[in-house]
Each structure stands twice: as structure tokens, then as C-alpha cells.
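The exercises below are meant to be worked through with the sequence and the coordinates side by side. Each task is followed by a solution that goes step by step.

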Amino acid sequence: MISVKRKLILDVDTGIDDALALAYVSTFDDVELLGSIGTYGNVTADTAVRNTRYVLDWLGLRHVPVLAGSTHPSWADSFIADAGCAQFHGTDGLGGFGPAADPSTSDSAGAFTLTSRRLISVGGYNVHDRHANPSTDSLTLSFTACDRTESTPASPEGVRFIIDMVRRYGRDVTVVATGPLSDIDAALTAAPDIADGLRLVMMGGTLTQEGNCWDATAETNIIQDPEAADRVFHSGADVTMVGLDVTHQCLLGSDATAQWRQQAAPTGVRTFLADIADFSIAANLHADARLFSAGMPLHDPLAAAVALDPSLVECFDLPMKVETQTGDFHGTRGRTVGDPAGLIDPAVPRVHVALTVDHNRFVADFTRRTAGIRR
């Protein structure tokens, strides 16, 4: 009997938990990682691509293609990583343990002025917004060089890859998005025909909990590109939202990283994974000892796990929307909330919103599988 491998595509903004998600996926013999797409979010897109290749090399997955995704949100022309992401991931995205930047492939797009006609996103906030807080390493930009009055540029190679793979495999491939949803939105916009065949598991949003952005309302991945997320929610694709409601219950502590170190050679992959995880554990504890005294939340690894084992979570199928404005009768930009249109129109698409999780089973499985990686 021929065993058919489960197919995944990971769309990542490779920071620490994205790297741990890649490591977790690598432990499944029956999973084929068709490709990984690096997009902006925790870091700029160029850094995400570089980090993803670096992590896959550590994992012995050099054959997996790494493609470039969106460099900025749909509402802006360029992107700067913010200080909040640097706090939890380091300015390199991997806690200072990532690859050295190659000057010939620098993320920098040159100088700019705040009077520029370009819309600049700083971690999801307009550069003029009081919440805009650039990462302290530099004000480098990542953008596609085009003016809004010009024709629409070609889709990034990562977006085209999503379209091609969904057309080829339909829902036999699952796209796991652990960063902003700009790539998914761009694929659906360029190829609306893939909506019925797209199975998406996304890490992002929150319904029953406060957010983790500056105003404690929005979740980080959603605030980067609320318009894109709202369009994805209403696209008709099969969408599972793995948000803070469940990821904050899945905490990885230093006992697990100590276990990895005990079983690893001094320069082994498990030492690298322990190093980056310990950085995140310390950062989360410093940020909120009340919530994270037991460890770092396994945001992105949980999304990858749900793509492979949906029984880990219990979902409620709800019509969802993302607030795209802040103010009276609008709510707060970036908030994921039930769409009242769904109360009167049963045709409004539903999203599978994960609200409970078997956290003990998942954390134990994640720890065990990661401890067994041998490279």
C-alpha cells in the first residue's frame, strides 16, 4: 500500500516561534513540506527569507524551496519592523542566533523622509501613528518599488506558488500562515477561483482574550494588514483561526529546553532551538510574568500542529470580520470580532475559530518531537 504524504505550505515571517514551527513539522515522516514563503512581520521579508533558509538548513531540509512573499501590507507601500517584535524575537528575528546579514542583499531601500507620499507601515501602524515604534537597529525599508498611480506589479513568487499549488492539489494541501495574511489575500485577489480549494490554518487574531499589541485589542499578525485579513475571512476559503485564545494556553518552559540541551551535541540543531526558545522564554517572562511564568506561548507551532491534527482544538464556526478603522461606530482597527451580517445572512462565510485546546497533549508532543531531532 502506497502511503500518501500530507502536503503543507508554510507562509512565515520567521521569528522564533516560526522557526520552532518549522522544526516541529520536520519531525513528521508522513508530511511533505512543498515550500515555505518568507514575508514581512516579525522582520522584513528579506530577513524572513534568509532566516527560513537558515532554519531549514539546520533541519536538513535544504531541498525545500523558500520563496519571497509580500514585502509590505496591502494598505502601505513599505514596511519597517517594530520594537515590539524585536523585543520578543531579537532584531534579527532569531534572538541574535540567526545568520549574519549579507550586505549585498540588505533589506535597506535607502533613505526616506516622513513627508514622502509613500505609506509606511511600522509593525502595522502608519509611521505617523503614536504607536509606531521602529526597531532600534535601523530604519530599513522593505517594499516593492512602485507608485500607486502605476500599474499593479507582478505578484511575488510566493503568492504565485500558493496559487499554483492550490490549483494543483486543492484541499489536499494546507497552507499554514504564521505571519500577516497579505500573501493569502494577494493570492485570492489574483486568483479568486482558488477560494473553494484553499484550506488555510492561520495563526492570528483573538476573540475571547485581549490582544497583544500596544492597545491590547488587536493581535500582532492581524494589525499588520487588517484589510487583508478581513478579505480572507470573507473569501469563502476553509479558514481555521488559531489565535491567542488557544496559543496562550500552550507554554514551553525552560525545563523543555534543558532537555533538548542534554540530548544535543554542543553545535547541534537542538542547541540552536534551545537558544532561540530560551530567548523567547525570557522575553515573555519579562513582558508579563503573570501570563508567561510557565514559559513562552507556542503560537506558530500550534497552528502547524492543528493543520496536522485538528482534534487538538475545538472550534466554533462563526462569521468573522476584522475592524479596519478606529472610532465611533467602527470599533478598533485590527480587532477580530463576529460579523453581525452573519446573524441575518446564512450565506456569510464562517471561520473555524479555535477556542479550546488540549494544551497538555500538544506541549508534550511538541517537546518530545523536538527533543528527537538529530542533525
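Two strands pair if DSSP finds at least two bridges between them, and strands (E, at least two residues) and helices (H or I, at least four residues) are DSSP runs numbered from the N terminus. The model is predicted, so that local features need pLDDT of at least 70 and side-chain atom pairs count only at pLDDT 80 or more, while totals for chains, interfaces and linings use all residues. Residues are numbered from 1 along each chain as its sequence is written, and side-chain values use heavy atoms, with hydrogens and water left out.

**Exercise 1.** Determine how β2 and β3 are joined, and place them in their sheet.

Solution. Begin with the pair itself: β2 and β3 run parallel and are joined by three bridges, with Ile-37 standing opposite Leu-67 of β3. Next, write out the sheet, which is open, has eight strands in the order β3-β2-β1-β7-β8-β9-β15-β12, and shows mixed pairing. Its edge strands are β3 (66-68) and β12, each of which pairs on one side only. From one strand to the next, the twist averages 25°.

**Exercise 2.** Find in which sense β15 pairs with β9 and with β12.

Solution. Take β9 (residues 238-242) to start with: this strand pairs with β15 (residues 351-357) in the parallel sense over two bridges, and Thr-240 stands opposite His-352 in β15. Then turn to β12 (residues 313-318), which runs antiparallel to β15 and is joined to it by six bridges; here Glu-314 stands opposite Thr-356.

**Exercise 3.** Classify the crossing of α4 and α5.

Solution. The axes, which are lines fitted to C-alpha atoms over the stretch in contact, with angles running from 0 to 180 degrees between N-to-C directions, come within 9 Å and cross at roughly 60° for α4 (residues 157-169) and α5 (residues 182-190). That makes α4 oblique to α5, given that angles under 35 degrees count as roughly parallel, over 145 as roughly antiparallel, 65 to 115 as roughly perpendicular and the rest as oblique. The contact (heavy atoms within 4.5 Å) involves Val-159, Ile-162 and Ile-163 of α4 and, among others, Ile-184 and Ala-187 of α5.

**Exercise 4.** Decide whether Thr-27 is buried or exposed, and list what it touches.

Solution. Thr-27 lies in the loop between α1 (16-25) and β2 (31-38). Its relative accessibility is 19%, so Thr-27 counts as buried, where buried means under 20% relative accessible area, exposed over 50% and partly exposed in between (1.4 Å probe, protein chains only). Not counting residues up to four places away in sequence, Thr-27 touches Arg-369 and Ile-373.
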